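Work through the exercises below with the sequence and the coordinates at hand. Each task is followed by a solution in steps.

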Amino acid sequence: MATIQIVRSVCGLCMCNCGVLVTLEDGKAVKIKGDPESPLNQGGLCKIGLASLEYLYHPDRLKHPLKRIGERGEDKWQQISWDEAFSLAAEALSKVKQKYDPEAIVMVHGSAKGPIDTHLVRLANVFGTPNVACSDHVCHVPRMLAAEFTFGFFPGAEYGYPPACTISWGANNAETHFTMHKSLVQAVNKGTKLITIDPLEIEVAKMADLWLQVRPGSDLALALGMINVIINEGLYDKAFVDKWTVGFDKLKTHVQDYPPEKTAEITWVPADLIVKAARLYATNKPGHIEWGNALDHGLNSFQTCRALSILMAITGNLGVPDGEIETPGSGFRYGDNKLSNQVRGRWSHELELRDKISREKRQNKVGADLNMLPDFRYVLPQSVIKSVLEGDPYHIHAAFVQASNPLSCWPNINETYQALKKLDFLAVSDMFMTPTAALADIVFPAASYLEFDGIQMREDGTLAQLQRKVAQIGECRSDHEIINGLAKKLGLGEYFWDSIDDFWDAILEPIGLTFEEFKKIDRFTSAERQPKRYKIYEQDGFKTPSGKVELYSSQLQEWGLDPLPIYYEPPETPYSEPELAKEYPLLCTTRKLAAYRHSGGRQISSLRSSHPDPVIIIHPETANNLGIENGDWVYIETKRGRIRQKADLSTGVDRRVVVVDHAWWFPERGETELFGWADSNYNVLTNDKPPFNREVGSFNIRGLACKVYRA
C-alpha cells in the first residue's frame, strides 16, 4: 500500500502567496490543492497554481547546467557541472569587470519574488555594478511611490464590512488575482456600488453599476476630471481636507483646467458618466479604489497614481474601515515593521548592502541623465538597450539574467534582440529554455518553488509562510543557491552564506526566530497585525515631510518634477500625431490573461489549452470594415514592426481600439527558430525611445497608433 503524506506549503508562481497542500505518494508529489487554513486563499487556487505539478515535471525543464558550443541561438549545448558553470560565468564577468568597469555588467531579475530579488541586488552591489534592471517601472512601483509621496503609505484593501463603493481602475483581478476578485464579488453581493474603469468590457465591467470605457492611456485626465467635479460640487471631506492636507487651494485651481466636457474629449468617456462616477464615489463612503497594473504603463504613470491617491484623500477614505487601510510597514520609505523591513525582501538596505557602492558610482548608472525620482533605484530596460547598442553613456558588455525573459518583456524587442546578441557574455537562470536563454553562453537550471525550503511573505510584513521542498528535478537549484554559488566563484563569498538556511536565519533575525524554529510553526503573523488600527495619522501624522497629505508636493517641485498631476498627451495618438493617425488609425492596448503569468506558461498543457493562440480583440464593425472575420489571423502594425494574432470579435471594445495579447512566444517552435519570439509579441510594437514617464521612466505601452489587416 502506498504511503500518503500531505505537506503544507505556499505557492511561489506569483506574488499572491496562496497556501497549498501537496499530496505525496511514496515520496512523490502527485496532487496539489489550495490550503483551506490559509488566511489568504482559504482553499482556493488559480489555474496557474493548480498547474504547479505540470511545471515541476514538465519534460522540457532545464535539468543541468549548459554551456553554449555553437553560435547564439543555434541550439548547440554541452552539459557541464555546476562547478564548471559557476567558474566559467565568474571568469567571464570578472574579465569584463577588469577590462572595463563593474558597471559594464548589468544584472536583471524578473517580476517581484521578494528576497530572491534582494539577493541578486546584493550580488550586484558587492560586485560593484549599479546597473540592476527589472520591471518595477511598469509594475506596481509607480503606484507605490505615488501613494507614498502623497500620504506616506501604500493603501491596502479591506472588504470585511464591505466598502460602500469600490472603483476597479485598470485592474483585471478576475484574471490576475483571484483572491482579491473573490472579495470584491462578495462585497458587491452585500451591496457595494462598483465602478469599473477599463477600455475592455472585462468581467468586473459586466457586474458594475457604472462602466467607464476610457481611452487607453488617458486615465490621468479622467482622474483630474473626477477631482474637478468632487471639488466644484463640494463633495470632498472638508474637515479632513482642512486639517490633514496641504495644497488644496492649488489643487482646486489646477483642476479647473479639466472640466467634464474637456475631459470627455480627451478620454472618450461621456461627460455625464464622468460626473456620475465622481458623485457615486464621493457620496458612498467608505470608498476604495482597486488600482491595477494598467496604470503603471505609460507617459503619465506616476502622476496618474498621484491623482488617484488625491482622490482617495480628499474624499476622506484614508485609514477608515473598508477604505484605504495603512498596514504595518506599508510605507516602503518609512516602514517600521521589523518583519516588513527584513522579510518583504525588496529595498532592504541591510540585505542589499547598498553602501558597498558609493554615491558617485551609483550616479554613474545607465539612464542617470533621465533624472528620475531618487527613490527609484533600478535602471530601465531601454537604458540598457541604448548602452549596449550605442555606448551611451558607456557600453554594457555582459549580463546575468535571473527569472526574466527580456526578449519577450522588454520594449521594442527587435532592438532588445540586437542588444542581447551583441553582449560579450550572457548568463541566464531559468526553469525552461526561453528565447532569452537560447541566446546565452551559460544557462543555469533553476528550481521551482516545490524544490527548495524557503519563506514566502506579504510585502507589508503581516504574514510569512513556510515553503517546503517536496521534490528534486535533475540538478536544479534555487535562485538563492545559484547566486550564492556564483558569488563564491567571484571571490565575494564573505558577503554571502555557507548555506541557504543561514540566509533565512538572517532574514528572520529581527523577529527572534531561526529558520529551524520557523519550520516548526509553518506560518508567522505579525503581532502588529492585531488589533487593526484605523486613522493612525490622528496619533502619528502622515509619513510625509509635512506630516499631512501632500496634494501639492513641494518635494517633487524641489526635484524639478510636477508638484500637481498634469496630463500629457502620450505619443502616437490621434491628438499628439494626427498625421500618423491617417496611416495608423486604430489604437492598440494590451491585457493580462488568467492562463499565463507574463511570458511564462505557454508550454504547460492545461494552461495552453485554455488559451492556445495569441488573440486580438476587435469590434465587429471595425472588423467588417477591414474584411476580417472572427478567427482570422491578422497583422497588427505600428511604426516599429508588425505581429500576427488571431481575431476575436467583440462589442466589448471601442470601435477605435484593439486589445492585443502580450508576451507571446511559442515553446513548440523550438530553439533553432528562437521559439518564434517576434511573430506575435506585443513588444515588437512598443517603443524604447523617449518620451518616458518623467518620474520612473515607464514607456508607453497602451494607446499606440496601429493598423490591422488580414494576414
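The exercises treat a predicted model and go through sheets, a helix, aromatic rings and cysteines.

**Exercise 1. The sheet of β1, β2 and β3**

Task: State the strand order and the pairing sense of the open sheet of three strands, then find its edge strands.

Solution.
Step 1. The order is β1-β2-β3, and the pairing is antiparallel.
Step 2. β1 (4-10) and β3 (28-34) are the edge strands, since each of them pairs on one side only.
Step 3. Ignoring direction, neighbouring strands of this sheet are turned against each other by 25° on average.
Step 4. Strand β2, residues 19-25, is joined to β3 by six bridges. One residue pair to look up is E25 with its bridge partner K28 in β3.

**Exercise 2. The sheet of seven strands**

Task: Give the order of the seven strands in the open sheet, and explain why one side of β5 and of β7 is left without a neighbour in the sheet.

Solution.
Step 1. Reading across the sheet gives β5-β4-β15-β14-β13-β6-β7, with mixed pairing.
Step 2. β5 (77-79) and β7 (132-133) stand at the edges and have a single partner strand each, so one side of each has no neighbour in the sheet.
Step 3. For β7, look at strand β6 (residues 105-109): the two pair in the parallel sense over two bridges. Here V108 is opposite A133 of β7.

**Exercise 3. The partners of β23**

Task: In which sense does β23 pair with β21, and in which sense with β22?

Solution.
Step 1. Strand β21 (residues 615-618) pairs with strand β23 (residues 641-649) in the parallel sense, over four bridges. I617 has D648 of β23 as its bridge partner.
Step 2. Strand β22 (residues 633-638) pairs with β23 in the antiparallel sense, over six bridges. W633 stands opposite K646 in β23.
Step 3. The connection between β22 and β23 is a hairpin, with two residues between the strands.

**Exercise 4. Helix α9**

Task: Compare the span of α9 with the expected one, and decide whether the helix is largely enclosed or largely open.

Solution.
Step 1. α9 covers residues 219-232, which is 14 residues.
Step 2. From its first C-alpha to its last, α9 reaches 20 Å, close to the 20 Å expected at 1.5 Å a residue.
Step 3. Of the 14 residues of α9, 13 are buried, so the helix is largely enclosed by the rest of the structure.
Step 4. After α9 comes G234, which has a positive phi near 65°.

**Exercise 5. Aromatic rings**

Task: Classify the ring pair F496 and W497 and the ring pair W664 and F666.

Solution.
Step 1. A search of the whole structure gives 24 aromatic pairs.
Step 2. The ring centres of F496 and W497 are 6.1 Å apart and the planes stand at 85°, so this pair is edge-to-face; planes over 60 degrees apart fall in that class. F496 and W497 are both buried.
Step 3. For W664 and F666 the centres are 5.6 Å apart and the planes are at 40°, so this pair is tilted. W664 and F666 are also both buried.
Step 4. F496 and W497 belong to one aromatic cluster with F503, W504 and F515.

Task: Which lysine sits over the ring of Y236, and which lies over the face of Y584?

Solution.
Step 1. Over the ring of Y236 sits the charged end of K238, 4.9 Å from the ring centre.
Step 2. Over the face of Y584 lies K707, at 5.3 Å from the ring centre.

**Exercise 6. Cysteines**

Task: How many disulfides does a search of the whole structure find, and how far from C18 is the nearest cysteine sulfur?

Solution.
Step 1. The search finds zero disulfides.
Step 2. For C18, the nearest cysteine sulfur is that of C16, 5.3 Å away. A disulfide would need the two sulfur atoms within 2.5 Å.
Step 3. C18 has a relative accessible area of 8% and is therefore buried.
Step 4. C139 is in no disulfide either; the sulfur of C134, the nearest, is 8.7 Å away. With 22% relative accessibility, C139 counts as partly exposed.

**Exercise 7. K99**

Task: Where is K99 placed, and is K99 buried or exposed?

Solution.
Step 1. K99 is in helix α3, residues 82-99.
Step 2. The relative accessible area of K99 is 60%, so K99 is exposed.
Step 3. K99 and N371 are 272 residues apart along the chain, and their C-alpha atoms are separated by 28 Å.

Key: Residues numbered from 1 in each chain as written. Predicted model: local features only at pLDDT ≥ 70, side-chain atom pairs only at ≥ 80, totals over all residues. Heavy atoms only, no water. Expected span 1.5 Å × (residues − 1). Buried < 20%, exposed > 50% of the residue type's maximum accessible area, 1.4 Å probe, protein only. Pairing = 2+ DSSP bridges. Phe/Tyr/Trp six-rings, centres within 6.5 Å; stacked < 30°, edge-to-face > 60°. Lys NZ or Arg CZ within 6 Å of the ring centre and 35° of its normal. Axes fitted to C-alpha atoms, helices over the stretch in contact; angles between N-to-C directions.
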